[in-house]
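This report covers selected side chains of one protein model and the contacts they make. The sequence and structure come next.

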Amino acid sequence: MDIRRIREAKILLPSDQPDRLTSTGQPPTRGDLADLRVQDADWSRLQVTEHDISGCHLANVILADAHLEDARVTNTIFDNCDFASARWTNLKIDRCLFRGSRLTGLQASDITLTDVVFEHCRFDYATLAGLHATGAVAFTGCALRETAVHDSRLDNAVFADCPMPGAQLTRTRMRGADLRGSSIATLTGATCLAGTTIDDTQVHQLTEALLNDLQIQVQN
């Protein structure tokens, strides 16, 4: 059992046992995706509805415009995968690792996250609604340019060294979250950061974000 500590979060990572995986280049035509190793494949517009993805390792797989709905994604590693403009609806994601993956323009709603790490991923222009962190969740070195997060609960989540230019938070709770090292100066919805932890270099950024939110002008 591999546990990674990121700041104060202890995250249970997916098991990586390549010997037990079945190599394939094509997704199953029916049923769950289980115990598969997929390398350098184009699975654009993949449809996964009411089926699970479990125990898999996907590397350099194109999943652009894929639609995952009413599914559970568990114990799976995604390396350098492309989820551009994908849709995720009503997913439970647990014990998963996303590394170096592109989630630009992702449309995600009603997502439950438990023991999930997003590492050096891009969420630019994504819309994330109804995210619920029910266990440890960490974003490390992720880009969230103009990412919109709505109606979510991300208590105790870690956002470590994540640039967030133009990110938008609306009706989102983040108590106990750790944002140290992330850029928040141009973030909107800064009041959603109540109860979070920042570092001393971010105090000016937070002030700037709050002044912009409240439309306060500072004059000499």
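C142 is buried, with a relative accessible area of 0%. The model is a predicted one, and the cysteines in it can be checked for bonding by the separation of their sulfur atoms. For C142, the closest cysteine sulfur belongs to C121 and lies 4.8 Å away, which is too far for a bond. C162 is likewise buried, at 0% relative accessible area. The cysteine sulfur closest to that of C162 is in C142, at 4.9 Å, again too far for a bond. A disulfide requires two cysteine sulfur atoms within 2.5 Å, and by this rule the count is 0 disulfides.

Salt bridges are present. The search of the whole structure returns 12 of them, including the three pairs below.

| Pair | Closest N to O distance |
|---|---|
| D35 and R20 | 2.7 Å |
| D79 and R99 | 2.6 Å |
| D82 and R102 | 3.4 Å |

The salt bridge between D35 and R20 links distant parts of the chain, 15 residues apart. D35 sits in the loop between strand 4 (33–34) and strand 5 (36–39), while R20 sits in the loop between strand 2 (9–12) and strand 3 (22–23). Both residues are partly exposed: D35 has 33% relative accessibility, and R20 has a relative accessible area of 30%.

In the salt bridge of D79 with R99, D79 belongs to strand 9 and R99 to strand 10 (residues 87–99), so the pair ties together parts that are 20 residues apart in sequence. D79 counts as buried at 13% relative accessibility, whereas R99 is partly exposed at 27%.

The D82 and R102 side chains also meet in a salt bridge. Here the partners lie in loops: D82 between strand 9 and strand 10, and R102 between strand 10 and strand 11 (107–119), with 20 residues from one to the other. D82, with a relative accessible area of 19%, is buried because the limit is under 20%. R102 is partly exposed, at 40% relative accessibility. Elsewhere, R7, D178 and R180 are joined into one network by salt bridges that share partners.

Two polar residues are also buried. T74 lies in strand 9 (residues 67–79) and counts as buried at 14% relative accessibility. Which side chain does the side chain of T74 meet in a polar contact? The partner is the side chain of D94, at 2.7 Å. Beyond its neighbours within four places in sequence, T74 is in contact with I53, S54, G55, D94, R95 and C96.

Q202 is placed in the loop between strand 16 (168–170) and helix 1 (203–213). With 1% relative accessibility, Q202 is buried. A polar atom of the Q202 side chain lies 2.7 Å from the backbone nitrogen of D199. Once neighbours within four places in sequence are set aside, the contacts of Q202 are L179, R180, G181, S182 and I184. R180, among these contacts, also belongs to the salt-bridge network with R7 and D178.

The last feature is on the surface. L214, I216 and V218 make a nonpolar surface patch of about 310 Å². Of these residues, I216 is found in the segment after helix 1 and is partly exposed, with a relative accessible area of 43%.

Notes
Residues numbered from 1 in each chain as written. Predicted model: local features only at pLDDT ≥ 70, side-chain atom pairs only at ≥ 80, totals over all residues. Heavy atoms only, no water. Helix = DSSP H or I, 4+ residues; strand = E, 2+ residues; numbered from the N terminus. Buried < 20%, exposed > 50% of the residue type's maximum accessible area, 1.4 Å probe, protein only. Polar contact = N/O pair within 3.5 Å; in protein donor to acceptor, adjacent residues only side chain to side chain. Contact = heavy atoms within 4.5 Å. Patch = residues over 30% accessible without salt bridge, like charges linked within 9 Å, V, L, I, M, F, W, Y side chains within 5 Å. Areas by Shrake-Rupley, 256 points an atom, 1.4 Å probe, with all protein chains shown as cover. Salt bridge = Lys/Arg side-chain N within 4 Å of Asp/Glu carboxyl O.
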